[in-house]
Amino acid sequence: MQRVASSRRLLQAALAPGRAHSGLSAAAVAATPENGIVAPKMPPFDYKPPPYEGPRLAEIAQKRAEFLSPSLFHFYDRPLNIVDGKMQYLFDEDGRRYLDAFGGIATVCCGHCHPDVIEAIVNQAKKIQHSTVLYLNHAIADFAEALASKMPGDLKVVFFTNSGTEANELALMIARLYTGSHDIISLRNGYHGNAAATMGATAQCNWKFNIVQTGVHHALNPDPYRGAFGSDGPKYAKDIQETIEYGTTGRVAGFISEAIQGVGGIVELAPGYLPAAYKMVRDAGGLCIADEVQAGVARTGSHFWGFEGQGVIPDIVTMAKGIGNGIPIGAVVTTPEIAQVLTRRSYFNTFGGNPVSTAAGHAVLKVLEKEKLQENALVVGSYLKEQLNMLKEKHDIIGDVRGRGLLLGVELVTDHQKKTPAKAEIAQVMNHMKDMGVLVGKGGFYGNVFRVTPPLCFTKEDSDFFIEVMDIALSKL
């Protein structure tokens with residue numbers, strides 16, 4: 001019955017009254033106001049997608065409801081059928097252009113279908129799509145070398161995986177093997193994946209099933225907005241020491257955290273937290289793991305990796321999303337000494353280091369460098385954050401603006417003193433923004449935080465359009 005109900009809801013949304021889905025030119029669609037809202041003019045862009053001749057939205061929605069997992073969801077009252085993408089823009093089945101301010105969940109860093117990345121993928125796919133790491137291939141070695149060159153300290157040994165979840169699973173296992181301890185400390189509100197060990201490290205009930213999850217302790221989250229100690233990082237870190245003393249044998253395997261919590265609502269850890277926490281964990285024999293799946297790969301602008309913003313060097317770094325620009329790939333980077341633990345048995349990953357994926361990843365690093373996208377993330381992200389703070393002064397529903405570079409969060413609350421989450425309101429604003437041509441994400445424990453994580457080629461003109469659209473949408477509440 002649940003599956004049938006899910007199917008009906010999806011189909012009802014797909015067929016709901018609104019903009020017509022056939023017989024309209026792209027120009028006519030773009031000029032058609034929805035929900036009584038006339039959109040501001042989108043920045044010019046020199047690309048027109050070819051006519052779409054594939055299945056329409058309703059047909060796809062029906063198949064999705066019947067054949068795909070009932071756990072899948074979408075953000076909008078009426079789902080989108082996205083059929084084309086170019087740089088910071090996406091296009092639906094009618095050719096309507098949307099500004100992508102979500103980047104496929106902080107995944108598209110160079111831009112949709114970046115020609116250099118596509119060329120690398122096609123060229124490699126023409127030669128060999130898959131062999132195995134049991135044979136030699138220069139694509140994996142070249143990318144590993146390039147990735148290691150971006151790491152500080154002695155972090156130079158790379159293990160490739162297929163996702164961020166896999167990378168974090170491997171990192172946690174390495175920490176336990178290296179230290180001989182089992183206990184892991186992670187932060188409340190953190191998200192590290194949805195497999196066995198990573199679900200244990202994840203500390204939000206929204207993402208945890210009732211399965212066996214052992215050996216993980218969740219410490220106080222150093223949240224400058226909702227936390228007890230404001231922006232005093234070392235005060236929060238005292239809970240790490242107490243967790244070690246009261247919840248473990250006094251020895252731990254490791255500590256895992258994001259520098260800026262992505263799924264948790266773009267929460268930037270309070271200043272000074274990681275240096276204090278890392279010292280306590282290392283004094284207890286543990287390794288420090290930096291989860292850079294969302295904050296890494298130039299997204300914060302000020303640094304290539306999020307943890308660098310706190311002035312620390314981890315023992316293990318995990319990454320995914322941005323390093324492939326949409327190609328499924330993850331990685332674990334650690335020191336030569338720590339990496340040796342995986343030689344105690346046979347460790348193997350069939351697709352980790354696939355030549356097509358690693359060729360794409362190497363191309364991504366080259367594009368980031370050539371187009372100075374880290375610098376762009378800093379300049380445009382700082383500009384956008386400043387504009388968002390101006391919106392905060394205008395709209396009382398905005399409780400907090402936070403983040404770095406093009407990893408920004410906007411938290412909506414109905415009461416500034418109580419910080420009551422504006423869950424219903426954020427859904428309304430998102431729908432209005434979509435109708436005006438802007439796609440943005442949401443997250444946070446209460447689902448009331450805008451996650452602004454666009455491709456790093458985002459421009460100031462895009463930012464102005466984004467702000468104008470958000471301003472109009474907020475005014476409709």
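Is Lys372 buried or exposed? Lys372 counts as exposed, at 52% relative accessibility. Here buried means under 20% relative accessible area, exposed over 50%, and partly exposed in between, with a 1.4 Å probe and protein chains only. The model is predicted, so local features need pLDDT of at least 70 and side-chain atom pairs count only at pLDDT 80 or more, while totals for chains, interfaces and linings use all residues. Residues are numbered from 1 along each chain as its sequence is written, and side-chain values use heavy atoms, with hydrogens and water left out.

Lys372 is found in the loop between H12 and helix H13 (373-394). Helices (H or I, at least four residues) and strands (E, at least two) are DSSP runs, numbered from the N terminus. The phi angle of Lys372 is near 50 degrees, a positive value in a residue other than glycine. Ile105 also has a positive phi, near 65 degrees. Ile105 lies in helix H4 (residues 103-106). Its relative accessible area is 35%, and Ile105 is partly exposed.

The interior was examined next. A nonpolar core is a set of buried Ala, Val, Leu, Ile, Met, Phe, Trp, Tyr and Cys residues joined through side-chain atoms within 4.5 Å. The largest such core has 96 residues. Ile240, Phe255, Tyr273, Leu388, Met433, Phe450 and Phe466 touch the most other members. Another core, of 20 residues, lies apart from it. Among its members are Ala253, Ile256, Ala339 and Leu342.

Contacts (heavy atoms within 4.5 Å) were listed for Phe450 and His362. Residues up to four places away in sequence are not counted for Phe450. Phe450 touches Leu408, Gly409, Val410, Leu412, Ile426, Val429, Met430 and Met433 among others. Val440, Gly441, Lys442 and Met470 are also touched by Phe450. His362 is found in helix H12. With a relative accessible area of 18%, His362 is buried. Leaving aside neighbours within four places in sequence, His362 is in contact with Asp142, Phe143 and Ala146.

Cysteines were checked for pairing. A disulfide is a covalent bond between the sulfur atoms of two cysteines. The criterion is a pair of cysteine sulfur atoms within 2.5 Å. The structure holds 0 disulfides. For Cys457, the closest cysteine sulfur is in Cys110, 8.2 Å away, which is too far for a bond. Cys457 counts as buried, at 13% relative accessibility. Cys205 is exposed, with a relative accessible area of 54%.

On the surface, Val133, Leu134, Tyr135 and Phe348 make a nonpolar patch of about 460 Å². Patches are made of residues with over 30% relative accessible area and no salt bridge; like charges are joined within 9 Å, and nonpolar side chains (Val, Leu, Ile, Met, Phe, Trp, Tyr) within 5 Å. Accessible areas come from the Shrake-Rupley method with a 1.4 Å probe, and for residues only the protein chains shown count as cover. Phe348 is found in the loop between helix H11 (336-339) and helix H12 (355-370). Phe348 counts as partly exposed, at 44% relative accessibility.

Charged pairs were then considered. Side chains of opposite charge can pair when their charged atoms come close. A salt bridge is a side-chain nitrogen of Lys or Arg within 4 Å of a carboxyl oxygen of Asp or Glu. A search of the whole structure finds 14 salt bridges.

One salt bridge joins the side chains of Arg56 and Glu93 (3.5 Å, N to O). Arg56 lies in the loop between helix H2 (26-31) and helix H3 (57-67), and Glu93 in the loop between strand E2 (89-92) and strand E3 (97-100), so the pair ties together parts that are 37 residues apart in sequence. Arg56 counts as partly exposed, at 28% relative accessibility. Glu93 is buried, with a relative accessible area of 5%.

Lys370 forms a salt bridge with Asp116, the closest N and O atoms being 2.5 Å apart. Lys370 lies in helix H12 and Asp116 in helix H5 (residues 115-127), so this pair ties together parts that are 254 residues apart in sequence. Lys370 is exposed, with a relative accessible area of 56%. Asp116 counts as partly exposed, at 25%.

Glu268 and Arg404 also meet through their side chains in a salt bridge (2.5 Å, N to O). Glu268 lies in strand E9 (residues 267-268) and Arg404 in strand E13 (residues 398-404), so parts that are 136 residues apart in sequence are tied together. Arg226, Asp400, Arg402 and Glu411 are linked in a network of salt bridges.
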